[in-house]
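Notebook open. I want to look up the empty spaces in this model, then a helix pair and one side chain.

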Amino acid sequence: MPDFFFLPPMNIAGDGALDAAVDQMASQGLTKALIVTDEALHKQVHATKPLIDRLEAKGIDYVVYDKVTPNPTVAECDEGAAVYAREACDFLISFGGGSPHDCCKGIGIVATNGGSIRDYAGVDQMREKMAPMFAVNTTSGTASEITRFAIITDEENKSKFPVVDWRCTPSVSVDDPKLMEGMPKGLTAATGMDALSHALEAYVSTAASHLTDPGALRAVELIDKALIGAFEDGHDRSARSDMTYAEFLAGMAFNNASLGFVHAMSHQVGGMYHTLAHGVINSVLMPHVITWNAEVAGERYAEIAAHFGVETAGRSTDDIVAGLIAKILTYNDALGIPANLAEMGVKDEDVPHLADYALADPCAATNPRPATVDEMQALFRRALTGNGIAGQSAAA
């Protein structure tokens with residue numbers, strides 16, 4: 001089987017990326033944007049002002065859709081598509097983190113293909129490529145600015161579903177570290193650990209390849225170097241820059257290798273408990289999923305550990321994997337991540353629902369070790385209590 005590699009045709013990263021992106025909009029003859037963001041970014045902290053100032057300077061018209069919630073919904077995607085059509089926009093700009101990017105993709109899909117975003121759940125269900133989309137990123141974690149994934153919350157059945165389609169890959173990704181300096185500590189922690197989960201899951205995925213491995217390994221190196229620094233000092237430009245490139249490289253990896261049980265499970269927890277941060281859920285789940293997968297993917301995890309600063313010389317594979325898990329637990333503690341899902345309000349009575357939907361999530365298909373329904377329920381219950389993690393004592 002051949003390896004496929006998906007990435008936006010243009011990617012702009014580093015200081016000054018926002019200016020360069022608006023120059024591109026003007027040079028492409030685009031005239032009216034639908035800016036997709038959330039109310040806090042637009043009306044409370046006015047983070048969209050640098051973008052809007054540059055659009056106005058170039059004579060590019062725009063309308064703002066700022067109804068995006070932390071877990072974008074079917075209703076938001078469908079409503080945004082109606083705004084796009086009513087306002088006669090000819091391109092899209094997402095501004096923010098994973099939620100605005102995912103919602104913007106959903107809007108673009110519906111605006112071009114019709115129907116509801118529910119119609120495009122699954123893999124490659126689109127018929128037409130959507131309008132040009134510039135994904136202006138303000139966080140260092142989700143990598144949604146470069147991926148063919150959009151994760152949408154279905155309010156009716158209290159779950160999330162992924163839309164996976166190369167046709168919804170943004171046209172241009174924009175990663176300017178200056179836009180990320182204002183991220184609060186909690187968001188820095190959640191998005192940074194989300195990037196780590198992307199790199200780890202992509203590296204052990206059954207779809208991993210020579211094209212995806214280098215990005216995953218370099219990402220974990222940069223995260224180990226920079227995440228704590230960015231968390232402690234949000235204006236540390238060097239740390240912010242390293243985390244920007246880390247999330248991009250991890251995104252390159254999982255955009256093509258896909259993910260695994262961490263995300264298959266996390267999507268369902270986030271779909272049922274809307275206020276929980278995706279990256280925080282991933283952080284809690286990672287040690288449990290690594291413990292589950294280590295039976296078949298131990299050597300791959302050991303390779304990751306070597307790039308994540310875990311001592312490997314003279315140690316067995318099992319011991320190295322335990323060291324990797326112990327380091328993740330240490331990171332969780334340093335970043336203020338809860339010890340288990342119960343602390344986050346997840347209830348045991350919801351486990352059967354969560355397990356059923358997790359196994360149906362497309363991300364589960366590339367997890368290196370499959371699970372039955374009973375095994376998935378047991379995995380959720382271990383994450384509820386925080387027990388049964390390899391390397392747990394080493395982190396204590």
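I began with the largest cavity, which holds about 40 Å³ of space. The model is predicted. I listed the residues lining this cavity: Leu200, Glu201, Val204, Val262, Met286, Val289, Ile290 and Tyr301. H6 and H10 are the elements that give two or more residues to that lining. H10 gives the most, with 4 residues. I then sorted the lining of the largest cavity by class and got 7 nonpolar, no polar and 1 charged residues.

How many cavities of 30 Å³ or more are there? I count 2.

Next I took the second largest cavity, with a volume of about 30 Å³. Its lining is made by Ser140, Met183, Thr188, Thr191, Gly192, Leu227, Ala230, Arg240 and Met243. Two or more residues of this lining come from each of H6, H7 and helix H8, which spans 237–257. H6 has the largest share, 3 residues. By class I find 4 nonpolar, 4 polar and 1 charged residues around the second largest cavity.

Pockets came next. I looked up the largest pocket and noted a volume of about 1000 Å³. I counted 47 lining residues. Which of them lie nearest the centre of the largest pocket? They are Gly97, Gly98, Ser99, Thr142 and Leu187. I then asked which elements give two or more residues to this lining, and I list them here:

- Strand E4 covers 91–96.
- Helix H5 covers 98–113.
- Strand E7 covers 149–154.
- Helix H6 covers 185–204.
- Helix H9 covers 261–272.
- Helix H10 covers 278–307.

H6 gives the most to the lining of the largest pocket, with 6 residues. The class split for this pocket is 21 nonpolar, 21 polar and 5 charged residues.

I moved to the second largest pocket, where about 400 Å³ of space lies. I found 19 residues in its lining. Phe6, Arg148, Ala207, Asn256 and Ser258 lie nearest the centre of this pocket. By class, the lining of the second largest pocket has 10 nonpolar, 6 polar and 3 charged residues.

Then I checked a helix pair. How do the axes of H7 and H10 cross? H7 takes in residues 213–232, and its axis comes within 8 Å of that of H10. The crossing angle is roughly 45°. An angle between 35 and 65 degrees counts as oblique, so I log H7 and H10 as oblique to each other. On the H7 side, I see Asp213, Leu217, Val220 and Glu221 making the contact. On the H10 side, the contact is made by Arg300, Glu303, Ile304 and His307. I sorted the contact of H7 with H10 by class and found 3 nonpolar, 1 polar and 4 charged residues.

My last lookup was Asn332, which sits in helix H11, residues 317–334. Is Asn332 buried or exposed? The relative accessible area of Asn332 is 5%. Buried means under 20%, so I enter Asn332 as buried. Leaving out residues up to four places away in sequence, I find that Asn332 touches Met193, Ser283, Val284 and Ile337.

Conventions. Residues are numbered from 1 along each chain as its sequence is written. This is a predicted model: local features need pLDDT of at least 70, side-chain atom pairs count only at pLDDT 80 or more; totals for chains, interfaces and linings use all residues. Side-chain values use heavy atoms; hydrogens and water are left out. On a 1 Å grid over the protein atoms alone, a cavity is a set of points where a 1.4 Å probe fits but cannot get out, and a pocket is an open set with protein on both sides within 12 Å along at least five of seven lines; lining residues have an atom within 4 Å of a point. Grid points are joined across faces, edges and corners, and a volume is the space filled by probe spheres set on the points. Ala, Val, Leu, Ile, Met, Phe, Trp, Tyr, Cys and Pro count as nonpolar, Asp, Glu, Lys and Arg as charged, and the others, Gly among them, as polar. Axes are lines fitted to C-alpha atoms, for helices over the stretch in contact, and angles run from 0 to 180 degrees between N-to-C directions. Angles under 35 degrees count as roughly parallel, over 145 as roughly antiparallel, 65 to 115 as roughly perpendicular and the rest as oblique. Contact means heavy atoms within 4.5 Å. Buried means under 20% relative accessible area, exposed over 50%, partly exposed in between (1.4 Å probe, protein chains only).
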